[in-house]
Each structure stands twice: as C-alpha cells, then as structure tokens.
Amino acid sequence: MNIKRGLATLAVAAMSVTALAACGNDTAQDEGTPDSLSFWYYEEEDAGQTQAWKKAAEMFKEETGVTINFERKSFTQIAQNGSQFLNSDEAPDLMESNRGNGSAGVLSTMGLLTDLGDYVDQYGWDEKVTGSNAETAKYDENGIMGGDTWYGMSSYAEFQRVYYNEDLFAKYGIEIPTTYDKFVDACQKFVDAGVTPIAADAQEYGVMWLWWQLVSKNADSEFMDNWHLYKGDVNWDSETLTGATDTISDWLDKGFISKNATGMKAEDTTQAFIKGEYPIYQTGTWNQGRFVEQITDFEWTAAVMPDSEYAVGCAGNLLVIPERSKHKDLAAKFIDYVLSDEVQNFLGNAGGIPVAADPDKITDEKSKDMIEEYDSYASESKLSYYPDYAASSLTDAIPASFQELVNGTKDASAVLKDIHSKYDSGVEEMGFAD
C-alpha cells in the first residue's frame, strides 16, 4: 500500500502549528513552581489505574509540594474535542489520551503533543515500558503507532476478558466453558432455560468489542498489520471477518444477546452483571477492580474467550503532556512517580494491570491471574488492539453499524459492507489511501 498524508490532514496540522506559534508559546517549559498541575482523565473513579494515579499524586505532593488537580472528563469529550482543547488556553498540564493512529497519532501529527524522548532518556522509561506495551506510545511522522517517537507513556495495560457468574452457571448445571464450542453450547443451554446469557450494549462499544474478539479468535499477524498499520489491503471476504459478523448475527437470532442491547450503554450492562442479571459479560479489565469491590452476592471468574489466537487489548491509554503545557518538567516528574515500583505494585493489587511491577509483590490472586493472562498474550505479540484504532471516525462508525444489526434494519452482509465503506473512508480521511 502506498501511504501518503492527505492534504486535508496537512492543512489542519499546518493551521494548528501556526496557531501555536502565534501564541508565543514556544518556551512552554516550566514557568516557576505552581501550586498545582491540571490533569484531565476519563477513567472510572474506582478503576485500578485511577487509584494508582492518585497514590502517585500523594507521593508527588509530599516531595514537590505541588497538588495534582484531577479533572474528570468524559471519554467522548476528549475523543471528539481533544484537538480543540489542546490548541487553546484551556489545555491541561497533563492528559489521558486514547492510544492508536486515530487518537494520539492524529494529535502528534498536529503538533499538539510533546515529544517525550528527552524524558524517556532522563528517567529510563524505555527500560520499564517495553515490547508490546511500548508500541501504542510511539508514533512515526505519519501518526502510525509503532514508530520511533514517544508521544505518550503507558502506565497500565488492559484487555477484554469474558467474566462468568459462577453461581448462575452452578444454578443451571452448566460448566464454565474452556473451549469455544463449549462456550457456544453453554449459551444455548442458558437460552433453553429461559436466560439471556450475554450482556452486551449496542449503544456504545460492547457489541463491537465482542465482534472484534471473534475476529481476533481466528486472525493472523498479516491481518492485524493490514488493519492497523496499512501494510496491505484488508481482505473483507475472509472468513476472519465474515465469520465473526455472521456469528454476531446468529447469536442475536438465537437469543444469546438480547435485542434490547440497542438501548443499552456500557454502564447499563456493567451494572446488570454486578447485580447478577447475566451469566456472561465480556468487558475490559478496567472493570475488574470494580467487580472485586462491588460484587458481593456471587462468585465470579474470568478469562479471554476460549481458543482465541489474539486477545483484544493493549497497553492502556496514554499519559501525554500537551505541547502548550507550561509545566512540562513537573508533568514528566509526575509520570515518573506513576511508573515507580511502589505505584506499579499498588496498581497490580488494586485490580489493574501494571506495565512495570514486581510479580512477587502482587498478592491478590484474581489480580495475579489477570496479569499473568495478559502477559501470556503480550509476550507473544498476540494483542489485537481495538478495531477503531485505524481511523478516528471508526469509534462512532463501527458501533453505529452494529446497532443496525441489532435493530434488524441491516443483515450481517450489509453491516460488514457498511463497516468496509466506513473503514476505507476513515483511513482516507486520516490521510492514508491505496
């Protein structure tokens, strides 16, 4: 594939860089010691990574006297309006950014993110964040992940697991599945007993993630390189894509996924699983800490969907320093606290997946099991990221296509054709085309 940056993207980048220069903000390095640093993020308050960031903030303040002012935004606010915020006087000193070509990659090409190379060298972060965990933190000049320039720093990792309500499985005499065929068989047994087995929302990302896990089950490295890195044409007629899309349609027809998924959001399905209303829920490990704290009425276990070649996930969202931050050195110092042994080990015991922890210091058994499962995929480069990383428009476009499948307004073939069209147009808008 011949890759070239589109004229529209170049124009936006030029306008952004010009605007930055016009503000006379070239020397945005630390202007004295402030009372506080502003940090925008969008994780749940009880997520392991949020707890770890706040522990790092306590340690940071004790040494520097500077308070980290946490300002929680919504994912949508940052995803859709991040470039506007970062190119204004409202830009924070530090921000959580979604990773991938369509998010951090785009922001890097627009000159809105600080090149962290000097800080990486100063603090030795590249000795802590390595391999697969570093891929989504580094971008090339075109904004494609896996490049040479550090524009963010991963402080945790995440992936999709299937969470099972063990009590419901026991109630209906069904075994927790250890193979894909047994997974399908378990779903059918629940339906036969009058129970909808899988909690999945279609109003946000749940059905999309379930689909991508089915894609990931049979994918290979060539497919992943073509989808995410534009190394070749995506084969839209492959069994990898058609089979996964047909399976979602089949599961809807069989009642494995409720038709009311079209009116549900992620918080709805998460709450329903916590309340014990569904036996099966595939969700991100960012919810595991929440499950540990909030699920008190039943036992649960979790694992990647059985027989999967790839796990959906990667190193977590990035800590980035906006180019307009006035306190870059202090922001970098805070990131170093987040990557410290003490905070990383704390994260591992708080339901998160650390990127630089001592495995012997992880004492919580559920956390240790989760971390070991993640490492088994990450160490073999078997993480499939998320399907919307290829283009910024796909974050909304792919879920919208699946909502039509759930609604019954399009069949599986039409939905895949729709995703194909949106993928092509999204990649073209990003500035990459055949």
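In this predicted model, the lining of the largest pocket draws on two domains, with at least three residues from each. Domain 1 covers 38-155 + 316-357, and domain 2 covers 159-313 + 385-430. The pocket encloses about 870 Å³ of space. Its lining comprises 33 residues. Nearest the pocket centre lie Phe75, Tyr205, Trp209, Ala266 and Trp286. By class, the lining holds twelve charged, twelve nonpolar and nine polar residues.

Several helices and strands contribute to this lining. At least two residues come from each of the helices α3 (75-86), α9 (206-218), α12 (266-274) and α17 (394-407). The strands β7 (156-165) and β9 (280-284) likewise supply at least two residues each.

A helix pair was examined next. Two packed helices are described by the angle between their axes and the distance between the axes. Helix α11 spans residues 239-254, and helix α18 spans residues 412-430. Their axes come within 9 Å. The axes cross at roughly 130°. Angles over 145 degrees count as roughly antiparallel, and 65 to 115 as roughly perpendicular. The crossing angle of roughly 130° fits neither class, so α11 and α18 are oblique to each other. The crossing of the two helices is right-handed.

Backbone angles were also considered. Ser381 is not a glycine, yet its phi is positive, at about 55°. Ser381 sits in the loop between α16 (365-378) and α17. Tyr385 is likewise placed in the loop between α16 and α17. Tyr385, a residue other than glycine, has a positive phi near 55°.

Terms used. Residues numbered from 1 in each chain as written. Predicted model: local features only at pLDDT ≥ 70, side-chain atom pairs only at ≥ 80, totals over all residues. Heavy atoms only, no water. 1 Å grid on protein atoms, 1.4 Å probe; cavity = no way out; pocket = protein on both sides within 12 Å on 5 of 7 lines; lining within 4 Å. Points joined across faces, edges and corners; volume = space filled by probe spheres on them. Helix = DSSP H or I, 4+ residues; strand = E, 2+ residues; numbered from the N terminus. Nonpolar A, V, L, I, M, F, W, Y, C, P; charged D, E, K, R; others polar. Domains from an automatic or database assignment. Axes fitted to C-alpha atoms, helices over the stretch in contact; angles between N-to-C directions. Parallel < 35°, antiparallel > 145°, perpendicular 65-115°, else oblique. Left-handed = near helix turned anticlockwise from the far one by under 90°.
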